[in-house]
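Thanks for coming. I will put the structure on the screen and then walk through a few contacts and helix packings.

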Amino acid sequence: MKATQTKWIILIVLALIWGSSFILIKKGLVSLSPFQLGSLRIVFCALFLLVIGFKSLSDIPLHKWKFIALTSLFGTFIPAYLFAIAQTQISSSVSSILNSLTPLNTLILGALVFGLDFKRTQIIGVLVGFTGTMLLILNGAAHHPNQNYWYTILVLIASMCYATNVNLIKRYLSDLKPLTITTGNFLVMLFPALGILLFTDVMSKIHLPEVKEAMIFIAILGIIGTGIANVLFYKLIQISSPVFATSVTYLIPVVAFFWGLLDNEMLTPVQFFGAFVVLIGVYLSSKK
């Protein structure tokens with residue numbers, strides 16, 4: 001199969017997987033705290049990857065472990081907790097839309113840190129994307145007083161983390177296999193996540209039916225939505241560009257929105273318009 005076909009297939013599969021992740025987080029938060037959810041997500045994923053990818057760890061040169069650690073921090077560890085905390089206050093649909101700013105942030109970081117050039121249309125895209133974000137947040141705050149839209153800042157920070165991760169992988173880890181990178185990432189994260197989990201009361205609640213149900217949702221999120229998805233994503237970064245790879249976030253809100261509808265979430269007309277403006281800004285910022 002040609003590389004062009006492969007990258008589009010991976011893009012669509014990732015959109016379906018990650019677009020479903022936000023509703024899984026929402027379901028998990030019914031019975032778990034954000035720190036329990038984030039930690040279990042990492043632990044389930046790490047155990048799965050160590051089973052299938054442990055042998056590949058020997059392919060990581062000693063001098064590259066620092067980049068493995070950095071990409072684990074920015075690519076999963078910090079965002080896993082930020083998204084869980086944010087969705088205690090904002091809807092899964094809004095969270096997924098704000099996550100679509102990742103390509104725009106990838107461009108900004110690429111220009112400021114990695115020396116990529118800005119084009120005029122890309123500067124316009126940044127401004128348009130920022131305008132759409134403000135519409136989405138301010139109108140949501142006005143029409144959903146029961147939700148604390150200050151928590152959207154956590155999603156924006158998470159998208160910056162993703163953008164940092166993509167640039168680091170493209171620059172420093174493109175010569176390693178995706179499974180090797182992902183397994184290395186989660187080996188680094190496993191013990192800190194277990195440490196955080198042990199400081200919660202999850203063991204005292206693990207016998208409860210609703211907690212067991214929530215853990216099933218998070219096991220799916222960890223194994224498929226994080227482990228398998230990260231392997232596919234790192235492969236996509238290697239066969240395409242950082243901005244193309246992060247353009248999966250154009251499609252994620254579409255999938256997440258339909259899951260949200262099934263779970264009785266609804267955006268206001270102005271929020272719909274704001275989401276559309278965000279995607280236009282991301283598109284303009286991603287143009288070569």
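Ala86 sits in helix α3. This is a predicted model, so please take the numbers as computed from predicted coordinates. With a relative accessible area of 0%, Ala86 is buried. If we set aside the neighbours within four places in sequence, Ala86 contacts Tyr151, Leu154 and Val155. For a distance across the model, take His207: it is 121 residues from Ala86 along the chain, and the two C-alpha atoms are separated by 27 Å.

Staying in α3, we come to the aromatic pairs. How many aromatic pairs does the structure hold? The count is 7. One of them is Phe83 with Tyr162, with ring centres 6.0 Å apart and planes at 25°. Planes under 30 degrees apart count as stacked, so this pair is stacked. Phe83 belongs to helix α3, residues 65-86, and Tyr162 to helix α7, residues 152-172, so the pair ties together parts that are 79 residues apart in sequence. Are the two partners buried or exposed? Phe83 has 3% relative accessibility and counts as buried, whereas Tyr162, at 21%, is partly exposed. The cut-off for buried is under 20%, so Tyr162 at 21% falls outside it.

Another aromatic pair is Phe233 with Tyr234. Here the centres are 6.3 Å apart and the planes make 45°, and the pair is tilted. Phe233 is buried at a relative accessible area of 7%, and Tyr234 is buried at 1%. Together with Trp18, Phe233 and Tyr234 form one aromatic cluster.

Next, Asn165, which is found in helix α7. Its relative accessibility is 3%, so Asn165 counts as buried. What does Asn165 touch, not counting residues up to four places away in sequence? The answer is Thr71, Phe74, Gly75 and Tyr234.

That leads to the packing of α7 on α10. The two helices pack at an angle of about 60°, with their axes 10 Å apart. Why is α7 called oblique to α10? Roughly perpendicular starts at 65 degrees and roughly parallel ends under 35, so an angle of about 60° makes the pair oblique. The crossing of α7 past α10 is right-handed. On the α7 side the contact is made by Asn165, Val166, Ile169 and Lys170, and on the α10 side by Phe233, Tyr234, Ile237 and Gln238. By class, the residues of this contact divide into 5 nonpolar, 2 polar and 1 charged.

Helix α10, residues 209-239, also packs against helix α2, residues 34-53. The angle is about 55° and the axes are 8 Å apart. α2 and α10 are therefore oblique to each other, and their crossing is right-handed. From α2, the contact involves Leu37, Leu40, Arg41, Phe44, Cys45, Phe48 and Leu49. From α10, the residues met include Met215, Ile218, Ala219, Leu221, Gly222 and Ile223, and further along Gly225, Thr226, Gly227, Ile228 and Val231. By class, the contact of α2 with α10 has 13 nonpolar, 4 polar and 1 charged residues.

A general reminder on helix geometry: an α-helix has 3.6 residues a turn, so residues three or four places apart point the same way.

The last helix packing concerns α4, residues 92-99. How many of the residues of α4 are buried? The count is 8 of 8, and the helix is mostly covered. The buried residues of α4 are Ser92, Ser93, Val94, Ser95, Ser96, Ile97, Leu98 and Asn99.

The partner here is helix α12, residues 248-262. The axes of α4 and α12 come within 8 Å and cross at roughly 175°. An angle over 145 degrees counts as roughly antiparallel, and α4 and α12 are therefore roughly antiparallel to each other. In α4, Ser93, Ser96, Ile97 and Asn99 meet Thr249, Ile252, Pro253, Ala256, Phe257 and Gly260 in α12. This contact has 5 nonpolar, 5 polar and no charged residues.

One more distance to finish. Ile280 lies in helix α13, residues 269-286, and at 32% relative accessibility it counts as partly exposed. Ile280 and Ser100 are 180 residues apart in sequence, and their C-alpha atoms are 11 Å apart in space.

Methods. Residues are numbered from 1 along each chain as its sequence is written. This is a predicted model: local features need pLDDT of at least 70, side-chain atom pairs count only at pLDDT 80 or more; totals for chains, interfaces and linings use all residues. Side-chain values use heavy atoms; hydrogens and water are left out. Axes are lines fitted to C-alpha atoms, for helices over the stretch in contact, and angles run from 0 to 180 degrees between N-to-C directions. Helices (H or I, at least four residues) and strands (E, at least two) are DSSP runs, numbered from the N terminus. Angles under 35 degrees count as roughly parallel, over 145 as roughly antiparallel, 65 to 115 as roughly perpendicular and the rest as oblique. A crossing is left-handed if the near helix is turned anticlockwise from the far one by less than a right angle, and right-handed if clockwise. Contact means heavy atoms within 4.5 Å. Ala, Val, Leu, Ile, Met, Phe, Trp, Tyr, Cys and Pro count as nonpolar, Asp, Glu, Lys and Arg as charged, and the others, Gly among them, as polar. Rings of Phe, Tyr and Trp (its six-membered ring) pair if their centres lie within 6.5 Å; planes under 30 degrees apart count as stacked, over 60 as edge-to-face and the rest as tilted. Buried means under 20% relative accessible area, exposed over 50%, partly exposed in between (1.4 Å probe, protein chains only).
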